[in-house]
Amino acid sequence: MDAHDLSRRWQSLMAALPPSARLLAVSKGHPAAAIRDLAALGQVAFGESRVQEALRKQEELADLTQLQWHFIGRLQANKVRQVLRAFGTIHSLDSLALCERVSRIAGEERCQPRVMLQVKLRPDPNKGGWDPKDLRQVWPDLQRLPHCSIVGLMTIAPLGLAPEERLALFRDCRQLADDLDLSECSMGMSGDWAEAVSAGATWVRLGSALFGERSVQQSVA
Ligand SMILES: *Cc1c(COP(=O)(O)O)cnc(C)c1O
């Protein structure tokens, strides 16, 4: 997509989003040049799901010190240190062991990542995420982790739900976040962001709606 189309799509998405819902530009599968084009318009927050790909682009864009990088992929235990060095926010933590590891390594690295906990609110064999009951059970342990700032929940709607079912799912996510006194809800992608926003999303993660189809097809977390 050329810079003009990108600009037009970004402007119309920004106009459609209420101030409470921020746009995370999911740039996985798209080149650094596209990120640079969006940054020139004022987009600051970018999401990536593969560490090596993200590091390559971050290096190319090192002059853009205003950029905020969000990790949205499935985080492997052996990548935690790399991710903490390169990303300020992680959307996709889905086990106590992983959160403990993130907190321990963040302490060593002297950083304090903002994290969101990925929840699975409907059965979905292809996605990670906490069952809400399990999350409530470990919540006291999570709250005690010294080097993680838990700011919200993240969810991905399974494919094939009707719009009203997605809306109900996103409302459940908002409700659970409110119950846990968490302000952020990262929910809504290119195909379902409107329902997520009406249910109270504070971050929508948009890839193809913004950049067009990815050149390298990748699975979501
Ligand atoms: C790729 C990805 C997105 C963006 O997907 P689109 O459908 O292209 O908007 C959002 N969230 C996660 C976790 C992803 O992996």
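This is a short tour of the structure, one selection at a time. The model is predicted.

**Stop 1: the ligand**

Start with the ligand and show the residues around it. There are 14 of them. The closest are Lys28, Ser190, Gly207, Ser208 and Arg214. Now color this shell by class. Eight of its residues are nonpolar, three are polar and three are charged.

Next, look at individual atom pairs. Select serine 190: an N or O atom of its side chain sits 2.5 Å from an oxygen atom of the ligand. Move to arginine 205. Here a polar side-chain atom is 2.8 Å from a nitrogen atom of the ligand. Then pick serine 208, and show its backbone. A polar backbone atom of serine 208 lies 2.8 Å from a ligand oxygen atom. How much of the ligand's accessible area does the protein cover? On its own the ligand has 380 Å² of accessible area, and the protein covers 95% of that.

**Stop 2: helix α2**

Select residues 32-41, which form α2. Show the side chains of Ala32, Ala34, Ile35, Leu38 and Ala39, which are buried. Look down the axis: these residues cover an arc of only 155°, which puts them on the same side of α2. What lies over them? The cover on the buried residues of α2 includes α1, β1, β2, α3, β3 and α9. To find α9, select residues 208-211.

Step just past the helix to glycine 42. This glycine follows α2 and has a positive phi, near 120°.

**Stop 3: helix α3**

Now select residues 51-60, helix α3. Its buried residues are Val51, Glu53, Ala54, Lys57 and Gln58. View α3 down its axis again. The buried residues fall within an arc of 160°, so they line one face of the helix. Turn to the face away from that buried side. There you meet the exposed residues Arg56, Glu59 and Glu60.

Bring in the neighbors of α3. Its buried residues are covered by elements including α2, β2 (45-48), β3 (68-71) and α4 (80-86).

**Stop 4: threonine 89**

Go to strand β4, residues 89-93, and pick threonine 89. Is threonine 89 buried or exposed? Its relative accessible area is 7%. Buried means under 20%, so threonine 89 counts as buried. Display what touches threonine 89 from beyond four places away in sequence: Trp69, His70, Phe71, Arg114 and Met116.

**Stop 5: proline 19**

Next, find the loop between α1 (3-16) and β1 (22-26), and select proline 19. Proline 19 is exposed, with 82% relative accessible area. Now add threonine 202. These two residues are 183 residues apart along the chain, yet their C-alpha atoms are separated by 8.8 Å.

**Stop 6: two loop residues with positive phi**

Most residues other than glycine have a negative phi. The next two selections go the other way.

Select arginine 110, in the loop between α5 (96-109) and β5 (114-119). The phi of arginine 110 is positive, near 55°. Arginine 110 is exposed, at 79% relative accessibility.

Finish at aspartate 181, in the loop between α7 (163-179) and β7 (184-186). Its phi is positive too, near 65°. With 70% relative accessibility, aspartate 181 counts as exposed.

How values were computed:
Residues are numbered from 1 along each chain as its sequence is written. This is a predicted model: local features need pLDDT of at least 70, side-chain atom pairs count only at pLDDT 80 or more; totals for chains, interfaces and linings use all residues. Side-chain values use heavy atoms; hydrogens and water are left out. A residue is near a molecule or strand if one of its heavy atoms lies within 4 Å of it. A polar contact is a pair of N or O atoms within 3.5 Å; within protein, one must be able to donate a hydrogen and the other to accept it, and residues adjacent in sequence count only if both atoms are side-chain atoms. Accessible areas come from the Shrake-Rupley method with a 1.4 Å probe; for residues, only the protein chains shown count as cover. Ala, Val, Leu, Ile, Met, Phe, Trp, Tyr, Cys and Pro count as nonpolar, Asp, Glu, Lys and Arg as charged, and the others, Gly among them, as polar. Buried means under 20% relative accessible area, exposed over 50%, partly exposed in between (1.4 Å probe, protein chains only). Helices (H or I, at least four residues) and strands (E, at least two) are DSSP runs, numbered from the N terminus. The arc is that of the directions from the helix axis to the C-beta atoms. Contact means heavy atoms within 4.5 Å.
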